[in-house]
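Got your viewer ready? Let's take a short walk through the fold and a few of its charged pairs, one selection at a time.

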Amino acid sequence: MVRVEHAAIADRDAIYRVMRKTWEATYRRYFPTERLIEARRAWLDALPLESELADPNVLFLLAWEEATLLGFVTARALPSEDLYVLRLYVLPAYHRRGIGTLLMNTAIASYPDASTVRLDVDAGNQKGLAFWTKNAFRETGRKTARVADVVITLIEMEKPLG
């Protein structure tokens, strides 16, 4: 049975393991094998994970099955009172089991005053796009991000609540 809990600093290493596995599975198409780890380090290791874990304004939820971390979601309320999903990662071996939906719905329920949920997803992430589209998110725009020396197109998406 999957349980959702708030993250703690002590969960840092397990969170990084999930991030590494999911990030590499998602972005390996952009980088030759010898550059994938370098790009992952540039993208993930620069994240202020400890400060996010300690920040009371960031919701950081973990999905566990016994002692295995299956995935997590991080979100933050925007000044507009919209909810912004910073990231939602589920280990590839656990996709299509409802874990992402459970995490997303738990995050949304944590912000009952939010009127809209917003997020960005890599345009080349077909699984991610399918997940967000299935959950009633719609494209609202596009922007780019640089990972190492690769430019990635991000699709801005939103879902009205209520």
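A salt bridge here is a side-chain nitrogen of Lys or Arg within 4 Å of a carboxyl oxygen of Asp or Glu. Keep in mind that this is a predicted model.

With that rule in hand, select Lys 143 and Glu 156: they form a salt bridge, with the closest N and O atoms 3.9 Å apart. This pair links distant parts of the chain, since Lys 143 sits in strand E6 and Glu 156 in strand E7, 13 residues apart. Lys 143 is partly exposed at 35% relative accessible area, and Glu 156 is partly exposed too, at 25%.

Now colour the strands. You should find an open sheet of 7 strands with mixed pairing, ordered E1-E2-E3-E4-E5-E7-E6. Strand E1 (2-6) and strand E6 (138-147) are at the edges with a single partner strand each, so one side of each has no neighbour in the sheet.

Next, zoom in on E3 (residues 68-77) and E4 (residues 83-90), an antiparallel couple joined by 7 bridges. Pick Gly 71 and look across to its bridge partner in E4, Val 90. Then show helix H1 (residues 12-27), which packs on the sheet and touches several strands, including E3 and E4. The direction of H1 makes about 85 degrees with that of E3.

Stay with E3 and select Arg 76: its salt-bridge partner is Asp 55, with the closest N and O atoms 3.5 Å apart. Asp 55 lies in the loop between helix H3 (49-54) and E2, so the pair ties together parts 21 residues apart in sequence.

Last stop: Arg 3 and Glu 5, whose closest N and O atoms are 2.7 Å apart in another salt bridge.

Notes
Residues numbered from 1 in each chain as written. Predicted model: local features only at pLDDT ≥ 70, side-chain atom pairs only at ≥ 80, totals over all residues. Heavy atoms only, no water. Pairing = 2+ DSSP bridges. Helix = DSSP H or I, 4+ residues; strand = E, 2+ residues; numbered from the N terminus. Contact = heavy atoms within 4.5 Å. Axes fitted to C-alpha atoms, helices over the stretch in contact; angles between N-to-C directions. Buried < 20%, exposed > 50% of the residue type's maximum accessible area, 1.4 Å probe, protein only.
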